[in-house]
Amino acid sequence: MEGMFDITDIVLLTELNIDELVSLEEKCFSTPWTKQMFLGDLKSEHTCYFGAFNDKDDLIGYIGMWCMGDTGEITN
C-alpha cells in the first residue's frame with residue numbers, strides 16, 4: 001500500500017471527470033450521490049469540486065463545495 005495515497009495533483013473537476021467522481025462516491029458511501037445529482041450540482045455557478053489524483057492519474061479524493069461570497073458549505 002506504500003504510495004497508494006500519494007497526492008501528485010489537485011485540480012478543479014468538471015463534467016469530464018463525472019465517471020471517476022461517481023465511481024469513487026460509490027466506493028466510499030452506502031448511500032452515494034448519483035451521476036445526475038453530481039451533474040446537476042456541477043451546473044451551478046456556485047458549486048466547485050476539487051479532486052486529488054495520484055501518480056497513476058487515479059482520482060483518490062475529492063471535495064465539493066457551494067461557494068457564495070466569502071462563505072462556503074462542503075457538500076461532499
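Modeller: Buried means under 20% relative accessible area, exposed means over 50%, and partly exposed is in between. This is a predicted model.

Colleague: What makes Cys67 partly exposed?

Modeller: Cys67 has a relative accessible area of 31%. Partly exposed is the class between under 20% and over 50%, so Cys67 is partly exposed at 31%.

Colleague: Is Cys48 buried or exposed, and how do you know that?

Modeller: The relative accessibility of Cys48 is 16%. Buried means under 20%, so Cys48 counts as buried.

Colleague: Why is the pair Cys48 and Cys67 not called a disulfide?

Modeller: A disulfide needs two cysteine sulfur atoms within 2.5 Å. The sulfur of Cys67 has its closest cysteine sulfur in Cys48, at 3.6 Å, and therefore too far for a bond. The structure holds 0 disulfides, and Cys48 is in none.

Colleague: Why is Thr47 called buried?

Modeller: Thr47 has 11% relative accessibility. The cut-off for buried is under 20%, so Thr47 counts as buried. Thr47 is found in strand β2, residues 47-53. Leaving out residues up to four places away in sequence, Thr47 touches Asp41, Met65 and Trp66.

Colleague: What makes the link between the side chains of Thr47 and Trp66 a polar contact?

Modeller: The side chains of Thr47 and Trp66 are joined at 3.4 Å. The limit for a polar contact is within 3.5 Å, so the 3.4 Å pair counts as one.

Colleague: How do you know that Ile10 counts as exposed?

Modeller: Ile10 is at 56% relative accessibility. Exposed means over 50%, so Ile10 counts as exposed. Ile10 lies in strand β1, residues 9-12, and with Ile7, Leu12 and Phe50 makes a nonpolar surface patch of about 390 Å².

Definitions and conventions
Residues are numbered from 1 along each chain as its sequence is written. This is a predicted model: local features need pLDDT of at least 70, side-chain atom pairs count only at pLDDT 80 or more; totals for chains, interfaces and linings use all residues. Side-chain values use heavy atoms; hydrogens and water are left out. Patches are made of residues with over 30% relative accessible area and no salt bridge: like charges are joined within 9 Å, nonpolar side chains (Val, Leu, Ile, Met, Phe, Trp, Tyr) within 5 Å. Accessible areas come from the Shrake-Rupley method with a 1.4 Å probe; for residues, only the protein chains shown count as cover. A salt bridge is a side-chain nitrogen of Lys or Arg within 4 Å of a carboxyl oxygen of Asp or Glu. Helices (H or I, at least four residues) and strands (E, at least two) are DSSP runs, numbered from the N terminus. Buried means under 20% relative accessible area, exposed over 50%, partly exposed in between (1.4 Å probe, protein chains only). A polar contact is a pair of N or O atoms within 3.5 Å; within protein, one must be able to donate a hydrogen and the other to accept it, and residues adjacent in sequence count only if both atoms are side-chain atoms. Contact means heavy atoms within 4.5 Å.
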